[in-house]
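User: Hey, I've just opened this one and don't know my way around. Can you walk me through it?

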Amino acid sequence: MADQCTVPAVRARKGGLPLVMVTAYDAPSARIADEAGVDLILVGDSVAMVVLGYDDTLQVTVADMAHHVGAVGRARPPARGVADLPWLSYHLDAAETVRNAAVLVRAGAQAVKLEGGRKRVAMVRALIDAEVPVMGHLGLTPQSVHAMGGFKVQGRDAEAARVLVDDAAALADAGCFAIVLEGVPDRVAKMVSAAVAVPTIGIGAGPWCDGQVLVFHDLVGLGERCVPKFVRAYGSLRADGVAAVRAFADDVRTGRFPADAESYHLPADVVLTGAVGAGSGRVDASGRVDASGSVDASGRHWGADRPVVAEGSDAVADLDRAPQGVAHRSIDLRSVTGGDAAIGRPDPEVADLEEVTGLYGGVDLQAAGL
Ligand code: KIV
C-alpha cells in the first residue's frame with residue numbers, strides 16, 4: 001500500500017524516483033493499484049472509451065465522472081486521487097469551472113486534471129485560488145480529438161515542440177503541480193521536462209519524463225480496444241476472464257457446479273411438506289428431497305416436467321424466484337424446521353436458511369406467514 005502522496009510530495013519528486021500513476025475507474029481496480037504501490041490514481045475521462053463504450057472522451061459529464069470518482073474514493077486508497085475535469089466543464093467561465101471541480105472533490109478527488117496550455121491558465125488560477133490542486137495535460141489531448149483530426153501524436157516538429165514547452169511553462173507558472181505529457185516524441189518530452197520545475201508524467205512520451213501513467217485495463221490486459229504501441233500489458237486478464245467464464249459455463253452444463261460444499265443444507269431431521277413448485281417432498285439425511293418426483297444423479301429433484309427443488313437452499317431460491325406463487329409460499333417451513341421452530345430462531349441451520357433468503361433478496365418469510 002502506498003503512502004499518501006501529497007501535492008508537495010509529488011512536486012518534490014521532480015527529477016527523483018519516477019512517479020507511477022494508474023488510471024482506474026472503480027473500487028476494485030483502485031485497491032489493486034494501491035496495493036501494488038502506485039503514487040497516484042487518476043480517474044480519467046478515458047472511462048468513456050475504456051468502460052462506457054463511447055468512441056471518444058467527449059461524451060462523459062461531470063456527473064459521470066463523479067460517479068467513478070466516488071467509487072475510487074470509497075476504496076480509500078492512500079494514493080492521491082486525481083479526477084479528470086471532462087470536456088466543457090472548465091471552458092466557459094471560472095465560477096462554473098470551480099463549481100464543477102468541487103463536485104469531483106466532494107465525490108472524493110483530491111486534485112483535478114484538465115487539458116490544454118496557455119488558454120487554460122485563467123481556469124487553473126481560479127481552481128488554485130479555490131484550493132483545488134491542478135494537474136495539467138499537454139500533447140495528445142483527447143478532448144481535442146476533432147481539432148487535432150484524430151488521436152495523433154503531437155509536437156512533431158520544432159515549432160510544435162516550442163509551443164509545447166511554452167504551454168508547459170505557462171501551466172507550471174500558473175501553479176499546476178504536475179503535467180501529463182501524452183503522445184509526444186520522446187525528445188520533445190525530454191525538452192519539456194527539462195523546461196519546467198514540476199514533474200511531467202508521460203504516456204506515449206518516452207522515458208525521460210518524471211513519471212509514467214498507464215490505464216489499468218491496458219496494463220493488466222483487460223482492455224477491449226486496440227491498444228496503442230506505448231502500452232505494455234503486464235497481464236492477460238481478459239484471456240483469463242474468458243477462460244474462467246467458459247469453465248463456469250461448462251461446469252454448470254455438466255452438473256459439476258455447484259458442488260455439495262458450495263450449497264446450503266437443511267438439518268438432517270427437517271422434513272419439507274406441502275407444495276413446492278410443481279412438487280413436494282421430504283428432505284433426506286443428505287438434505288435431498290426424496291418424494292414427489294425423483295432425484296437425479298446430480299442431486300436435482302425433478303417434478304412432473306421441471307426441476308422443482310433440490311436441496312433445502314434450492315427450495316428457498318425457488319420460493320424467491322416465484323414469490324407471488326401461492327403454491328411456493330405454501331412450503332410449510334414450521335413443519336420443516338420442526339414444529340414451532342420457526343424462522344428466526346437461533347438454530348444455526350435455520351439462520352443459514354435465513355441467510356439464503358437474504359442472499360436472494362428474497363421473500364419476507366415472516367410477512368408471508370412463514
Ligand atoms: O483519461 C485518462 O486516462 C488520461 C490518461 C491517459 C493520462 O488522461
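Analyst: Here is a short tour, from the overall make-up to a few local details. This is a predicted model, where local features need pLDDT of at least 70 and side-chain atom pairs count only at pLDDT 80 or more, while totals for chains, interfaces and linings use all residues. Residues are numbered from 1 along each chain as its sequence is written.

User: Cool. How many helices and strands does the protein have?

Analyst: The secondary structure comes to 15 helices and 10 strands. Those are DSSP runs numbered from the N terminus, with helices being H or I over at least four residues and strands being E over at least two.

User: And what do strands β1 to β8 form?

Analyst: A closed barrel of eight strands, in the order β1-β2-β3-β4-β5-β6-β7-β8, with parallel pairing. Two strands pair if DSSP finds at least two bridges between them. From one strand to the next, the twist averages 25°.

User: How many bridges pair β1 with β8?

Analyst: Five: β1 (residues 19-23) and β8 (residues 211-215) pair in the parallel sense over that many bridges. L19, for instance, has G211 in β8 as its bridge partner.

User: Now β3. Are its residues buried or exposed?

Analyst: Five of the five residues of β3 (residues 80-84) are buried, so this strand is largely enclosed by the rest of the structure. Buried means 20 or more other C-beta atoms within 10 Å of a residue's own, exposed means 12 or fewer, and partly exposed is in between, with C-beta atoms placed from the backbone. Both faces of β3 are covered, with R80, V82 and D84 on one side and G81 and A83 on the other. Across the protein's 370 residues, 43% count as buried.

User: Which strands pair with β3?

Analyst: β2 (residues 40-43) pairs with β3 in the parallel sense over four bridges, and three bridges join β3 to β4 (residues 111-113), also parallel. A83 is a handy landmark: V43 stands opposite A83, and V112 in β4 is a bridge partner of A83.

User: What sort of unit do β3, α5 and β4 make?

Analyst: A right-handed β-α-β unit, with α5 covering residues 94-107. Right-handed here means that, with the strands pointing away from the viewer, the path from the first strand over the helix to the second runs clockwise.

User: Switching to helices: how do α8 and α9 cross?

Analyst: The axes of α8 (residues 158-174) and α9 come within 9 Å and cross at roughly 30°. That makes α8 roughly parallel to α9. Axes are lines fitted to C-alpha atoms, for helices over the stretch in contact, and angles run from 0 to 180 degrees between N-to-C directions. Angles under 35 degrees count as roughly parallel, over 145 as roughly antiparallel, 65 to 115 as roughly perpendicular and the rest as oblique.

User: Which residues in α8 and α9 meet?

Analyst: A161, L164, V165, A168 and A169 in α8 meet V188, M191, V192 and A195 in α9. Contact means C-beta atoms, placed from the backbone, within 7 Å.

User: What about α5 and α6?

Analyst: Their axes come within 9 Å and cross at roughly 55°, with α6 at residues 121-129. That makes α5 oblique to α6.

User: Any odd backbone spots? Which peptide bond is cis?

Analyst: The bond from F257 to P258, with omega near -5°. P258 is in the loop between α11 (237-253) and β9 (294-295). R76, a residue other than glycine, has a positive phi near 50°, and R76 counts as exposed with 12 C-beta neighbours inside 10 Å.

Terms used
Contact = placed C-beta atoms within 7 Å.
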